[in-house]
Amino acid sequence: MKIKSILENYMFVLPALVIFAIFYIIPFVWVFQIGLFDWDGISPTRIFVGLNNFIEIFKEDKIWWQSMWQAGYITLIALTFQNALAFLLALACDREIRLKNFYRLIFFIPPILSEVVVGLVWQWILDGNYGLLNYWLRNLGLAHLARSWLSDPKTALTTVAIIHSWKGFGWGFLIFLAGLQTIPRELYEAARVDGADAWYIFRKITIPLMVPVGVLVAILTILGTMQAFVLIIAMTGGGPAYHTQVPVLRILASMRGSSRFGYACAQGITFGFILMIVSFIQYRFSKKFRQI
Amino acid sequence: MLNFYVTFLYKKMRYLKLLPGLLVTVLLCGCGSPGEKRSEINIVIWHWMTDREPAFQELASRYFKKTKIKISFELYAPSDAYSQKVRAAAQGGTLPEIFGVLGEKRDFASFIKAGHILNLTSYMEKDNAKWRNSFFLNALAINEFFPDNVYGVEAGIYGVPIDIMTIQMLYNKDLFQKLGLNPEQPPVTFEEFLRIGEKIKTANLQGLVSGWGELWMIDCLANNYAFNIMGKDKVLATIRGEIPYTDPDWIKVFSLFKQMQEAGILVDGIVTMINKTAEQLFANEKAVFAFNGSWCVNVYKGMNPNLNYAAIPPPKVTDKYPMAIWGGAGSSFMVNARSKNKEEAVRFLQWLTQPEQQVYLAEATNNLPANKESLERICNKIPKVLEQFADDIDIATHPNIWGISEFSAVIEAFDKGIQSIIIGEKSPEQVAQEVQRIKERELAKIRK
């Protein structure tokens, strides 16, 4: 009877397990297996190279690591600028202000727009010769600031990071807003009765209760931003030179540009592991943070 | 459980009543004429040529009227996405009857070695090589593998060129006049070209536009100049690894881009510019020069029918070696060797490359036909600028006919290096050293 009950429980888990295995575990193992070969993705024969592809990534592929740092830089901007913006706007919309539903709608428009369209529109706005931004800068007497924002190596990566943050802050906004709305209003009222000012309430009630939400938004931001590439490919194609290259673009370049399918798979696995480690560290960190 | 099956079968029994009717229908279908059977043949063609889609559809319907064989042209654009789709279909064994392989000759060879592409030599050589002789040699060479080729592919012709193209320099005649230059006297030497840069800067116009964000177009111009400065033999010797990229001639090639940038010839932001943007800028008369392929005639016509421009070979640096331009087969189709309809597919391609169809395609899409006779037929009807593109087909070359391919990693370092020179980040010497380092790394891998 006990065995039957255990089996029954497993039967409930089975569909999810099968789906997870088909769509996650098997492809992962398969990709890892291809990563052990030198293969162009078409030829019927593959040459077994063992861990050579992985060794090449760690030892020789400087561009890969440059792309990792650049993705890290974009992530840092997203974690700070994007999430701060999302939190501040959520805080503003959580109050009883006029047209707050309208603002909620407006702030959520960028995330639902196509990344290619957003990329092309911003490319037009930031164009060095006929762009809207430079036009306004010149009209405002700030012609010395006008430049080719996406082609200048000094500004390209930061510009891409800011556009990415603009495109993505709506998600954070929505989650922060939902989080803010779950904070019981009684807590605020009680604090006010006790004579607490707005800054004190914010520090002692809002911030501590929003920590779990902040951790969730941070995890989603890191995972989403590290894998960003559509917006970048639409705006700069990874240029000028290698200045806006990110890991997914490098994987694509290995797969399509160089026809090195095996190497691209090894890059994919390496990237997956790095993201897993980052998520794990963040998980541990957030656990400790919650205990405090 | 048993009860469930019994109920299920009982419900299904009701459909058995339909069986006699179904049988009659099947039998009647079997009584069709052989002509009707042909209409069941469907030749699927995957292509990426957005501008040629309506013309292809028209040709498909003409072919159906003539043979009762259905031709389905399926458009997948842009070319990057198309390329990925073809690769995925090859892996999955779901390639259509006819498709194109975009990329380097090495990729083409991989498709052949994997048995995806039919060797068309026997069809080409039939009737005293009638089909083969109908094409421009340059156009066919791109699809040809010669005996003992480095790719290890059996010698033969594996693709059918649909049109030909050349990539050249274009200049806007009206803007030339505005700059006080004679529109009938474009720059012939590189010095003359650079001097125009000064005038462009003074007039507050834009110089050269091109899709150099898409790396292959930089590669194209750099190779044009490499041929001019050091000759074909030395270029090929470099690819074979016999001459380093740090050779003074290669540094001279890299330096040309620095000179163009310093002279104000290059448009601001050219290093991230896609060709579509470059085409818009030139068509809207914002730029004096463009570097583009003959397909642009149709594109510019759509954007600005009054654009007054002409095509010239890139201004030469030296008289030591002839200037070469990239050209040859613009687009080619390959036949799926595993398709059960491959014979019909070959027949369709034979029909498609006959003069009547080629003339129609050329007139409808402003592309140069791959069929020699058709070009002679239409040479009075095509725009003058297209004629200029066609005139230089004799000096056209292409990496896919050199018989040897440079490593992809080297090509990337080479093109990205030129971008670094243009943005003032690296010197030509630094780029040459970096490219050579990667070349040596790749050569070492091969030796292993």
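Val160(A) touches Ile74(A), Ile232(A), Met235(A), Thr236(A) and Thr244(A), when residues up to four places away in sequence are left out of the count. The model in which these contacts occur is a predicted one. Val160(A) belongs to helix α8 of chain A, which covers residues 156-182. One of its partners, Ile232(A), stands 72 residues away in sequence, yet the two C-alpha atoms are 6.8 Å apart in space. Val160(A) counts as buried because it has 28 C-beta neighbours inside 10 Å, and the cut-off for a buried residue is 20 or more.

Chain B may be taken next, beginning with its overall form. Its secondary structure comprises 20 helices and 12 strands, and its C-alpha trace spans about 90 × 55 × 55 Å along the principal axes. The chain has 448 residues, of which 45% count as buried. Among contacts between residues at least 6 apart in sequence, 75% join residues at least 24 apart.

The domain assignment divides chain B into domain 1 (40-165 + 328-394) and domain 2 (166-326 + 402-447). The centres of these two domains, taken over C-alpha atoms, are separated by 28 Å. Where the domains meet, 20 residues of domain 1 of chain B are in contact with 18 residues of domain 2 of chain B. On the domain 1 side of this contact, the elements giving two or more residues are α6 (105-113) and α18 (384-391) of chain B. The largest share of that side, 4 residues, comes from α18(B). By character, the residues on the domain 1 side divide into 9 nonpolar, 6 polar and 5 charged.

The nonpolar interior remains to be described. The largest nonpolar core has 128 residues, and those with the most contacts inside it are Leu208(B), Val209(B), Ala287(B), Ala290(B), Val335(B) and Leu349(B). Helix α11 of chain B (residues 216-240) supplies the largest share of this core, 10 residues. Both domain 1 and domain 2 of chain B contribute at least three residues each to this core. Apart from this core lies another, of 36 residues, including Ala71(A), Ile232(A), Val248(A) and Ala253(A). Ile232(A) is thus named both in this second core and among the contacts of Val160(A).

Val335(B) gives a closer view of the largest core. Leaving aside neighbours within four places in sequence, Val335(B) is in contact with Glu97(B), Ile98(B), Ile117(B), Leu118(B) and Leu120(B), and also with Lys342(B), Ala345(B), Val346(B) and Leu349(B). Leu349(B), like Val335(B), is listed among the residues with the most contacts inside that core.

Definitions and conventions
Residues numbered from 1 in each chain as written. Chains lettered and ligands numbered in written order. Predicted model: local features only at pLDDT ≥ 70, side-chain atom pairs only at ≥ 80, totals over all residues. Core = buried A, V, L, I, M, F, W, Y, C linked by C-beta atoms within 7 Å. Buried ≥ 20, exposed ≤ 12 C-beta atoms within 10 Å, placed from the backbone. Domains from an automatic or database assignment. Contact = placed C-beta atoms within 7 Å. Nonpolar A, V, L, I, M, F, W, Y, C, P; charged D, E, K, R; others polar.
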